[in-house]
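Colleague: I'd like to go through some of the labels in this model with you. Could you walk me through the reasoning behind them?

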Amino acid sequence: MTRAASIARKTNETDIKLSFAIDGEGKANLDTSVPFLTHMLDLFTKHGQFDLTIDAVGDVEIDDHHTTEDIAICLGQALREALGDKKGIKRYGNAFVPMDEALAQVVIDLSNRPHLEFRAAFPSSRVGTFDTELVHEFLWKLALEARMNLHVIVHYGHNTHHMIEAIFKALGRALDEATTIDPRVKGVPSTKGML
């Protein structure tokens, strides 16, 4: 079974082609037009052992908002499609990742109930040219389109780059755990009989 999907999304603001494979090798081929987001998605892919290809053109001459948001929408849709009926998955994932002085935790439930709980206060409003408020925007759209519970907690830290990097590494690792096939699981891991 190949757990992979490709999504294309074209609007007046962005043109995105994205391919995502759950059972990958940590390979990223990314052209997002948003350098900091490219760096974060590269980390996410490597630490989750996914394969991710993105070719995105957006109105970055205005700002990075539309491109960041629409990449998250496409990634969430691809993840949901790649998971299929979710039979045999662990469903839950939890990862703590330190990055120097920062410590981030990401907890995931692939529940088909979208929710983002975001507990992070960044000291800086920008990293390079990237608005740090877009981290929340990205994670919310990802959770919404993937239809997952996503809890993100930065326990501490004082370097904004380190804090965000720890989030994306933990996101990859928690999602890797949640999507892992557990041979002990018969059907879907829910008493409802569906996810």
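Colleague: Happy to start with one residue: why does Thr14 count as buried?

Modeller: Keep in mind that this is a predicted model. Thr14 has a relative accessibility of 2%, and the buried label applies under 20%, so Thr14 counts as buried.

Colleague: And what does Thr14 contact, leaving aside its neighbours within four places in sequence?

Modeller: Thr14, which lies in strand 2 (residues 14-21), is in contact with Arg9, Val57, Gly58, His66, Thr67 and Asp70. With Asp70 there is a polar contact of 2.5 Å between the side chains; the cut-off for such a pair is 3.5 Å.

Colleague: Now the helices. What makes helix 1 roughly parallel to helix 2?

Modeller: Helix 1 (residues 35-48) and helix 2 (residues 65-83) pack at about 20°, with axes 12 Å apart. Angles under 35 degrees count as roughly parallel, so that is the name for this pair. Their crossing is right-handed.

Colleague: Which residues make the contact?

Modeller: Leu37, Leu41 and Phe44 come from helix 1, and Thr68, Ile71 and Leu75 from helix 2. They divide into 5 nonpolar, 1 polar and no charged.

Colleague: One more, please: how do you know that Asp182 is buried?

Modeller: Its relative accessible area is 9%, and the limit is under 20%, so Asp182 is buried. Asp182 sits in the segment after helix 4 (160-179). Its side chain makes a polar contact of 2.8 Å with the side chain of Arg184. Leaving aside neighbours within four places in sequence, Asp182 is in contact with Gly88 and Lys90.

How values were computed:
Residues are numbered from 1 along each chain as its sequence is written. This is a predicted model: local features need pLDDT of at least 70, side-chain atom pairs count only at pLDDT 80 or more; totals for chains, interfaces and linings use all residues. Side-chain values use heavy atoms; hydrogens and water are left out. Helices (H or I, at least four residues) and strands (E, at least two) are DSSP runs, numbered from the N terminus. Buried means under 20% relative accessible area, exposed over 50%, partly exposed in between (1.4 Å probe, protein chains only). A polar contact is a pair of N or O atoms within 3.5 Å; within protein, one must be able to donate a hydrogen and the other to accept it, and residues adjacent in sequence count only if both atoms are side-chain atoms. Contact means heavy atoms within 4.5 Å. Axes are lines fitted to C-alpha atoms, for helices over the stretch in contact, and angles run from 0 to 180 degrees between N-to-C directions. Angles under 35 degrees count as roughly parallel, over 145 as roughly antiparallel, 65 to 115 as roughly perpendicular and the rest as oblique. A crossing is left-handed if the near helix is turned anticlockwise from the far one by less than a right angle, and right-handed if clockwise. Ala, Val, Leu, Ile, Met, Phe, Trp, Tyr, Cys and Pro count as nonpolar, Asp, Glu, Lys and Arg as charged, and the others, Gly among them, as polar.
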